[in-house]
Amino acid sequence: MTLRFLLATFVLTPFVALRAEELKLAASFSSHMVFQREMPVPVWGWSAPQSEVTVSFKSQRKTAQADADGRWRVVMEAMTADDKGSTLEVDAAGKKVTAEDILVGDVWLCAGPGIARSMSGLQNPKPEIENATFPAVRLLRMDSYASVVPVADLPGPVSWVPVTPETIAPFSVTWYFGREMHLAHGVPVGLILANRDGSAREWTAWQRDPQDTSQAHALHQLKEQLPHDIARAESWLFQMSQRRRSDDPVDVLIFPCHIPFNFYGVHPVFGDQYPIGFKSFISYNACVGPLVPMALRGVLFTCEFDEQSR
């Protein structure tokens, strides 16, 4: 395994917050998105540190001051469902950014291995795809990233799109859920697709079995080892930042935080010490953490199994 492979697989961003001089909305806020109805709606982004930020949407106008890292956040008051597009405007230090055609309805976070199948991968998908014109249903599909450390924003360029035959073909089969919610409740629906290959193990690994004393023992070991792991992780991040500057292939540096094999099982490559960064939170860090504290109606978690895994 080479460093190039590692860097293609993991986002090695050793910070929790971005520092931004330019005015910017978080990547999850873009034109054509859906705001959650009937609950407060946080909106956030970055600007020059300590600058005053004004956010306007419909009749609401909120202000906030960016912190030392440039991050700001306002909370819009709860709104009723609206399928008429409105513009979100953000002003700070003489600069402005906008996101247009924003609806108000129900927003769902879709996760789990069962959502990886795309509409175009179904048997005879043509009729479903050709009839998929629903301007009040919006989709946000992020790339399959993972990170061993928390990141402040969604990696890679992402944007919301209305449902059309062109946009639905590569999207997940969770489209069926979104369509039925829209038809049943008569309000706009937003679907956020957050998944990556192998997420079945990563999500189910933390479903504890009260009868399994080895799990409790493993968690106790993790708690005792955490301060040491933090120090080792900081050293690991520094070494990786040095290595990533080189174009020469090098052996991968295994993330130095481990979970006993009796908690997860033996990995075919790493043996009985499976790196914690590879397993427990790498998907959350890159695909879910940056969405917090977005207002959502709920989470749709789907899973599919073959006969052998049952």
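## Close-up views of a predicted protein model

**View 1. Proline 293 sits in the loop that links α8 (282-288) and β14 (298-301).** Welcome to this predicted model! Look at the peptide bond that runs from valine 292 to proline 293: this bond is cis. Its omega angle is near 10°. To find the spot, follow the chain out of helix α8 (282-288) and stop in the loop before strand β14 (298-301).

**View 2. Lysine 58 has a positive phi, although this residue is not a glycine.** The phi angle of lysine 58 is about 55°. Where should you look for lysine 58? Go to the loop between β4 (52-57) and β5 (60-65). Is lysine 58 buried, exposed or partly exposed? With a relative accessibility of 39%, lysine 58 counts as partly exposed, because that class lies between under 20% for buried and over 50% for exposed.

**View 3. Aspartate 101 is a non-glycine residue with a positive phi.** Here phi is about 55°. Aspartate 101 belongs to strand β8, which covers residues 95-111. The relative accessible area of aspartate 101 is 25%, so this residue is partly exposed.

**View 4. Stepping back, the whole protein contains 8 helices and 14 strands.** How much of the protein is buried? Of its 310 residues, 47% are buried. The accessible surface adds up to about 15,900 Å², and carbon and sulfur atoms account for 52% of that surface. Now think about which parts of the chain meet: among contacts between residues at least 6 apart in sequence, 71% join residues at least 24 apart.

Key: Residues are numbered from 1 along each chain as its sequence is written. This is a predicted model: local features need pLDDT of at least 70, side-chain atom pairs count only at pLDDT 80 or more; totals for chains, interfaces and linings use all residues. Side-chain values use heavy atoms; hydrogens and water are left out. Helices (H or I, at least four residues) and strands (E, at least two) are DSSP runs, numbered from the N terminus. Buried means under 20% relative accessible area, exposed over 50%, partly exposed in between (1.4 Å probe, protein chains only). Contact means heavy atoms within 4.5 Å. Accessible areas come from the Shrake-Rupley method with a 1.4 Å probe; for residues, only the protein chains shown count as cover.
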